[in-house]
Amino acid sequence: MNEAEFCSHLQTVCATAIEDYRMRFPTQPPLSQRLPRDTDSALASTADIETCFTALVAFYDSLLGVDSTPYRDQWRDHLVYDFSLRERLTLLGSDLPASLTLFMIAGRYAAHTGYIGISGGRLPIARAGEMLASELCHAYQHRFDSPTWHHPYLQEGFELAASIRALTYLADELDDETMAHRARRQRTRALLQGTIAHGIRNGGITAATVRTLGVTDHELSELRAALPVRLLGTIRPRYHWGSTAFLPEYDLFGSLLLVSEALDIPDTYSRAFWGKHPWDELIAEIQSTRPSWLWQRYHTSGE
């Protein structure tokens with residue numbers, strides 16, 4: 001499949017996802033905005049985290065075609081959630097200097113130490129499950145030496161798509177509508193941002209094209225004002241949309257996998273995990289963008 005064919009499929013899948021999302025969740029905030037903090041749902045306990053962990057490792061083993069048995073006990077013991085200050089200080093002193101990464105443990109897998117950071121405090125169950133699904137995916141990439149682990153844009157793009165699948169599964173297992181909404185919204189936003197990123201990467205994308213996806217004028221205005229401007233994007237931007245400079249490589253690979261799944265490419269995630277996805281030319285093109293040393297170091301430290 002060439003780039004033009006892929007982009008055509010991407011726009012179709014994206015438009016369908018937006019239409020389906022609006023029909024199912026008509027009262028939710030615009031897709032250009034992040035969900036507000038959930039103050040009504042119950043906060044996840046450590047027992048809830050254990051339940052989510054057990055379900056997710058079974059799911060990822062099946063999705064990726066691996067057996068995580070040798071790593072499960074360590075992963076379980078290294079989950080960081082609802083830690084007191086004293087517990088955090090104990091962790092910090094356990095393995096200096098590598099353990100200093102625990103200062104930023106929330107929403108981070110620390111390859112140096114094996115800690116899977118969810119949150120230092122308690123979170124609503126849906127948000128906690130989302131964080132665990134994301135960071136546990138990185139643990140799989142690292143421990144099984146997936147080719148996606150060794151390039152930041154593939155690493156984060158794979159996690160983006162695979163964790164959406166995982167969160168959808170977890171929502172079904174727990175019969176949690178709030179979690180199901182988070183998963184559906186993440187998928188829709190990932191496809192939308194991927195459509196914009198691929199369009200810009202291939203010569204540009206017009207506001208009219210974005211509107212044909214089902215994006216409102218209000219959402220379009222907010223998207224153009226708040227594209228994912230990453231830290232290095234302000235120093236060495238890859239692309240421009242209007243006056244906005246940003247780095248969209250995470251969205252490139254993540255949306256590619258979501259489209260691959262929508263087109264029923266067999267074993268999309270396990271093949272991508274092992275570097276054997278049939279859309280190898282498209283993936284190689286994304287991978288050809290060489291990240292800076294700092295970006296590479298941040299994402300693949302601890303190999």
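In the predicted model, Y140 is in contact, once its neighbours within four places in sequence are set aside, with V57, Y60, D61, L64, V66, S68, W75 and F273. Y140 also belongs to the largest nonpolar core, which comprises 79 residues, and is named together with Y60, L132, L136 and F158 among the residues that touch the most other members of that core. Helix α2 makes the largest contribution to this core, giving ten residues. In general terms, nonpolar side chains tend to be buried together in soluble globular proteins.

The core is set within a protein chain of 303 residues, of which 52% are buried. The chain contains 13 helices and five strands. Of the contacts formed between residues at least 6 apart in sequence, 69% join residues at least 24 apart.

Among the contacts of Y140 is D61, a residue whose side chain also meets that of R72 in a salt bridge, with an N to O distance of 2.6 Å. This pair links distant parts of the chain, since D61 is located in helix α2 (residues 46-64) and R72 in helix α3 (residues 69-77), the two residues being eleven apart. The two partners are placed in unlike surroundings with respect to the surface: D61 has a relative accessible area of 10% and is therefore classed as buried, whereas R72, at 26% relative accessibility, counts as partly exposed.

The salt bridge between D61 and R72 is one of nine that the structure holds. As a general principle, side chains of opposite charge can pair when their charged atoms come close. In a further pair, E219 forms a salt bridge with R22, and the closest N and O atoms are 2.5 Å apart. Because E219 lies in helix α9 (residues 217-225) and R22 in helix α1 (residues 3-24), this salt bridge ties together parts of the chain that are 197 residues apart in sequence. Here E219 counts as buried, with a relative accessibility of 2%, while R22 is partly exposed, its relative accessible area being 28%.

A salt bridge is also found between R211 and D217, whose closest N and O atoms are 2.6 Å apart. In this pair R211 is partly exposed, at 39% relative accessibility, and D217, at 52%, counts as exposed. In addition to these pairs, E50, D73 and R76 are linked in a network of salt bridges.

Empty space in the model was examined as well; in general, rolling a probe the size of a water molecule over the atoms shows where such space is left. The second largest pocket has a volume of about 350 Å³. Its lining is formed by 20 residues, and those that lie nearest the centre of the pocket are R24, T168, A180, A183 and R184. Two or more lining residues are given by each of the helices α1, α6 (152-174), α7 (177-201) and α10 (249-262), and the largest share, six residues, comes from α6. When the lining of this pocket is divided by class, ten of its residues are charged, nine are nonpolar and one is polar. Helix α1 thus appears in two of the settings described, as the element that holds R22, the partner of E219, and as one of the elements that contribute to the lining of the second largest pocket.

How values were computed
Residues numbered from 1 in each chain as written. Predicted model: local features only at pLDDT ≥ 70, side-chain atom pairs only at ≥ 80, totals over all residues. Heavy atoms only, no water. Salt bridge = Lys/Arg side-chain N within 4 Å of Asp/Glu carboxyl O. Helix = DSSP H or I, 4+ residues; strand = E, 2+ residues; numbered from the N terminus. Buried < 20%, exposed > 50% of the residue type's maximum accessible area, 1.4 Å probe, protein only. 1 Å grid on protein atoms, 1.4 Å probe; cavity = no way out; pocket = protein on both sides within 12 Å on 5 of 7 lines; lining within 4 Å. Points joined across faces, edges and corners; volume = space filled by probe spheres on them. Nonpolar A, V, L, I, M, F, W, Y, C, P; charged D, E, K, R; others polar. Core = buried A, V, L, I, M, F, W, Y, C linked by side-chain atoms within 4.5 Å. Contact = heavy atoms within 4.5 Å.
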